[in-house]
2 protein chains.
Amino acid sequence: MPDVKHFDPDAVLDQVVRLFWRRGAASTGIAEVVAETGISRSSLYATFGGKRDLYLAALRGYVERHSRPVFDRLAADERGLPAIAGFFGGLIAARCTGEHARWGCMVSNAHASLDGAEDDDVKQVLDAHHDGLCTAMRAALRAAGRRGQLRPGLALEGAAQTLALLAYGVNLRSRAGASPAALTAAVEAALASLTPDEENR
Amino acid sequence: MPDVKHFDPDAVLDQVVRLFWRRGAASTGIAEVVAETGISRSSLYATFGGKRDLYLAALRGYVERHSRPVFDRLAADERGLPAIAGFFGGLIAARCTGEHARWGCMVSNAHASLDGAEDDDVKQVLDAHHDGLCTAMRAALRAAGRRGQLRPGLALEGAAQTLALLAYGVNLRSRAGASPAALTAAVEAALASLTPDEENR
DNA sequence: GCAATCTTGGAATGGTTGTTCCAAGATTGC
DNA sequence: GCAATCTTGGAACAACCATTCCAAGATTGC
């Protein structure tokens, strides 16, 4: 008997993600969300709750739709270092060109926007994201190890953490306009230092 | 003949830095600044101009008082890798403990809060900061090279960029509550991969 | 001590914020 | 087609935003 929604919540959330991703949560008003999505305030609040809930849903949607697929692909890639190089290559391309150029990564941005307050739900998403990235990186490094691409004695867990933090650095600097060349140089140096000495002579 | 200021602008700017550093610019109101500093709105506007000018002054003050001294010390340190290890050790300590624990780095935070708009002045500060960090890192790496601490064939410029981006990663993750141990593991792995193979067997 | 000149406190402003509310509209099962 | 039930548009709201303004106060050179 009831009426049904006159819009697609998933599509709307996608637009909200793009808005919060680009502009940040604090400096994006509900009015902008309404203008961008075309749906009314009532529908927004009825579907997603208040602004905090909306942001949280958008952040989770971002991880689910943008981060997770990339992490999964990296973790499943058996090529070793080329897989990691491919990950960073795609990252730099996505951060510097195309539709989302200079937007950075919504999760990285969220780190800086964390209110000292009880942002526990947001923090949980951030930690889960970081864990997913580290895990994928670890898997790719293990594959590299199996193929003999890594220098002897390399601390696999530590290297995974290094590369994960490096990705955050790329995300951050890309937002300020860092050149793809500079970012690529940093990544290539990091990857080169994982290989045995012989390959760099 | 004129009257003179009834407060110390430098001390006030320090308080403003701490406020924007911790809470971010977008979510900090002028009212909070007035409450924190104790000076009145009139004095604030007369001394620093509007909010954008105030934030810019605070950002520049942060770089001048917090980043620059650390960069200079790193650049002048002739010990090589131990100097870099010391830099990161101090960074992790400052980010995870003490007065500014979990505040991250104001410049790193600024990256994420960049409005797509004409934030050209802010971007300039960010670029200068990044340049200072890379330059200091390069100098320290050169010292390491002179002392034979680096693996053969290492791309010095690339390694400097890698370490700089790594620092941004540390800043970001520390704000979300990353453990000093995890951050240290990432840094140590990065530094270890700069040395010749022999030292890790 | 005087007058000139800047600073200061605090009220006032107009705009924007997130959120709520309700009448009007749309869609359902029967 | 009917009523029940949800959704929708848009007005209304109080709180807060950055900024301005002015009378009152403080400090200076003389």
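Here are four short exercises on a predicted model, each with a worked solution.

**Exercise 1. The annotated domain**

Find which residues of chain A UniProt lists for "domain: HTH tetR-type", and work out how much of the span is helix and how much is strand.

*Solution.* Start with the record: the UniProt entry, an unreviewed one, lists residues 6-66 of chain A under that name. Next, look at the secondary structure of the span, which is 77% helix and 0% strand. Finally, check the ends: the C-alpha atoms of the two end residues lie 26 Å apart.

**Exercise 2. The surface near DNA strand D**

Work out which residues and helices surround DNA strand D.

*Solution.* First, count: 24 residues surround the strand. The closest come from both chains, namely A:Pro2, A:Asp3 and A:His6, plus B:Gly29 and B:Gly50. Now go up to the elements. Those giving two or more residues are helix H3 (41-48) on chain A and, on chain B, helix H2 (30-37), helix H3 (41-48) and helix H4 (51-76). H3(A) provides the largest share, with 4 residues. Sort the surface by class and you get 10 nonpolar, 7 polar and 7 charged residues.

**Exercise 3. How the two chains meet**

Describe the side of chain B that touches chain A, then find the rotation that superposes chain B on chain A.

*Solution.* Step one is the tally: 51 residues of chain B are in contact with 51 residues of chain A. Step two is the helices. On chain B, at least two residues each come from H1 (9-23), H6 (106-113), H7 (120-146), H8 (156-175) and H9 (180-192). H8(B) takes the largest share, 13 residues. By class, this side of chain B has 22 nonpolar, 17 polar and 12 charged residues.

Step three is the symmetry. Chain B lands on chain A after a rotation of 180 degrees with 0.0 Å of shift along the axis, at an RMSD of 0.0 Å. That's how a two-fold axis relates its copies. Both copies use the same surface, too: 100% of the contact residues of chain B recur in chain A.

**Exercise 4. A close look at H1(B)**

Check the length of H1(B) against what a helix should span, then list its buried residues and what covers them.

*Solution.* With 15 residues at 1.5 Å a residue, H1(B) should span 21 Å; its end C-alpha atoms are 21 Å apart, so the two agree. Its buried residues are B:Val12, B:Leu13, B:Val16, B:Val17, B:Phe20, B:Trp21 and B:Arg23. Their cover includes H2, H4 and H6 of chain B. Just past the helix, B:Gly24 has a positive phi of about 85 degrees.

Definitions and conventions: Residues are numbered from 1 along each chain as its sequence is written. Chains are lettered from A and ligands numbered from 1 in the order in which they are written. This is a predicted model: local features need pLDDT of at least 70, side-chain atom pairs count only at pLDDT 80 or more; totals for chains, interfaces and linings use all residues. UniProt positions are given in the numbering used here, feature names are shortened, and annotations may be inferred rather than shown by experiment. A residue is near a molecule or strand if its C-beta atom, placed from the backbone, lies within 6 Å of it. Ala, Val, Leu, Ile, Met, Phe, Trp, Tyr, Cys and Pro count as nonpolar, Asp, Glu, Lys and Arg as charged, and the others, Gly among them, as polar. Two residues are in contact if their C-beta atoms, placed from the backbone, lie within 7 Å. Copies are superposed by least squares on the C-alpha atoms of residues with pLDDT of at least 70 in both. The expected span of a helix is 1.5 Å times one less than its number of residues. A residue is buried if 20 or more other C-beta atoms lie within 10 Å of its own, exposed if 12 or fewer, and partly exposed in between; C-beta atoms are placed from the backbone.
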